[in-house]
Amino acid sequence: MEPTAGKPSFMRNMMVRVLLFGVLVIGVRFAYVVTIRGESCDLGDFCFFSLPESFNLPGAGKIGPSAIVVKDAARSTFAAPSRVDLWTSKGWRKAVQFYSSVFQDLIVDGYLTPNSKSLCLETSAGQDVFALREIGVVDAIGTAKKKSPPLVVSALPSRQPFDDDTFDFVFSGGGALDKVMRPLDFASEIARTLKPEGFLVVHTKTKDEYSFNSFVDLFNCCKVVKTRELDGMDSSMPYIREIVLKKEPGILSHGTPKSHSNSVNKCSVPGHKKELFRKAEPLIPEEPLKPWITLKRNIKNIKYLPSMADISFKQRYVYIDVGARSYGSSIGSWFRKQYPKQNKTFEVYAIEADKTFHDEYKLKKRVTLLPYAAWVRNETLSFEINQDPGHKDVEKGRGMGRIQPGQSSASSDAVVDQIEGFDFANWLKNSVSERDFVVMKMDVEGTEFDLIPRLFETGAICLIDEIFLECHYNRWQRCCPGERSSKYQKTYDQCLDLFSNLRNSGVLVHQWW
């Protein structure tokens, strides 16, 4: 009788099950570490491998931890094998070779040395960091929203996890500064972390002088020492403008805004703005016989500033509608739909004294209503609603409103309300800065001849980049051939002088209807 084999088989099955269970536990642990925590694994995580502290790729220097002190919890860990595969890919090597060539040129020019403590900003994969370490600049680190160890740590553009005056060299490639939401905050962090006499190198895709000067205004801590044009490494950025800046000693932050006004009532007009204005549509030199046709057609010829220049390097984007009337009059029908915003989000202010339209704005999101009249000082005004036979507006049964100081007499068919006026120029100076991009539409029924001089007097005119201005004069009436409107006393020549003075003062103004 043969001996039974049940007991050995049972033991063998138990051992196999224990072994499989152990493999399952290790596999789950590995998946947790890599997938959930998003980190590379090490021996302490019960992984099968751990990379050495200095990992060497063929043709590259040793890739290990940087000596740069990173605050908080943004420290990097060592690379996982998936990143090793990435580092040897064709696309990766192409990018590394491009940045290596750029950095070697900067070493030749004296802006970068092997001993430079270096930072690369908004670098999602870290090719530029890798290139620095590969050519011998070993003390280099990168930052991006999502970390990519061991080259890139996690950081927001406006909150870098480093101490003041940490870096000798800061690099922003790939047009990163073109894309950030608040470039001034980003520039402030760069200025804070860059050492005095350190160098900042930025790659941007912008070509025009308007955007270049807007960029320079972001970095009042620094002076431009060199610019050059480069061919990009791929079709996403075929053209690159490289700008090299040097931080001036004794400045810790971005500094104070540069003033573009050289007196209380005059703005300096830099050459790049004059060149821009030469591309704008010409003013209409002769008074149109049918202004309701000529001026309305002229709107189609308008050369908007954002269609001629890149507006990326502004801190905020603001649209102010002075004399807004209803939401659909211009904000909804024109600015929201037609004005070229370059994918920027604008803060919208509607200034409208006529209380007929106030309730409508309560339902509109992202529009701030100022329910007052734009004026030259703070005072109570008479707001006169009067139907002009040559320019009727039947919107909600109301004519066009104009303001009168004090208790001015009104015609018998006019409706007069008491409203509050505010010092518009003073409000503007307290609400926006020269680093903001400010667009204004003004339709104030003749009050422009009071408001525009006040803007010049206070210097607030220097804060406006583009104005769409309807100038009111004793125009020919549509209803009555051969007759002029008696509502306004100014002439077309006076309107033309107003437009010319604005353009000569550095404000791109368009004739509005």
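Which residue, with a positive phi, follows helix 4? In this model, which is a predicted one, the residue that follows helix 4 is Gly-136, and its phi is near 110°.

Let me stay with helix 4 for a moment, which spans residues 127-134. Seven of its eight residues are buried, so the helix is largely enclosed by the rest of the structure. The buried residues are Asp-128, Val-129, Phe-130, Ala-131, Leu-132, Arg-133 and Glu-134, a list in which Asp-128, Arg-133 and Glu-134 stand beside names such as Val-129 and Phe-130.

From there I would like to turn to the nonpolar cores. The largest of them holds 48 residues, and within it Ile-320, Phe-424 and Leu-428 touch the most other members. Helix 15 gives this core its largest share, which is six residues. If we take Ile-320 and set aside residues up to four places away in sequence, its contacts are Tyr-349, Ile-351, Phe-424, Trp-427, Leu-428, Val-438, Val-439, Met-440 and Lys-441, so that Phe-424 and Leu-428 appear among the residues that Ile-320 touches. There is also a second, separate core of 30 residues, and among its members are Ala-280, Val-348, Ala-350 and Val-439. Val-439 is therefore a member of the second core, while it is also one of the residues in contact with Ile-320.

Next, Arg-475, which sits in the loop that runs between strand 20 (466-469) and helix 15 (492-504). Is Arg-475 buried or exposed? Its relative accessible area is 7%, under the 20% cut-off, and so Arg-475 counts as buried. Beyond its neighbours within four places in sequence, Arg-475 is in contact with Glu-287, Pro-291, Glu-470, Glu-483, Arg-484, Ser-485 and Trp-513. The side chain of Arg-475 also reaches the backbone oxygen of Cys-471, at 3.4 Å. Along the same loop, Arg-475 and Thr-491 are separated by 16 residues in sequence, yet their C-alpha atoms are 7.7 Å apart in space.A further buried position is Ser-211, in helix 7 (residues 209-218), where the relative accessible area is 0%. Not counting residues up to four places away in sequence, Ser-211 touches Thr-206, Asp-310 and Phe-313.

I will finish at the surface. Phe-10, Met-11 and Met-14 make a nonpolar surface patch of about 300 Å². Met-14 belongs to helix 1 (residues 6-36), and with a relative accessible area of 37% it is partly exposed.

Conventions
Residues are numbered from 1 along each chain as its sequence is written. This is a predicted model: local features need pLDDT of at least 70, side-chain atom pairs count only at pLDDT 80 or more; totals for chains, interfaces and linings use all residues. Side-chain values use heavy atoms; hydrogens and water are left out. Patches are made of residues with over 30% relative accessible area and no salt bridge: like charges are joined within 9 Å, nonpolar side chains (Val, Leu, Ile, Met, Phe, Trp, Tyr) within 5 Å. Accessible areas come from the Shrake-Rupley method with a 1.4 Å probe; for residues, only the protein chains shown count as cover. A salt bridge is a side-chain nitrogen of Lys or Arg within 4 Å of a carboxyl oxygen of Asp or Glu. Helices (H or I, at least four residues) and strands (E, at least two) are DSSP runs, numbered from the N terminus. Buried means under 20% relative accessible area, exposed over 50%, partly exposed in between (1.4 Å probe, protein chains only). Contact means heavy atoms within 4.5 Å. A polar contact is a pair of N or O atoms within 3.5 Å; within protein, one must be able to donate a hydrogen and the other to accept it, and residues adjacent in sequence count only if both atoms are side-chain atoms. A nonpolar core is a set of buried Ala, Val, Leu, Ile, Met, Phe, Trp, Tyr and Cys residues joined through side-chain atoms within 4.5 Å.
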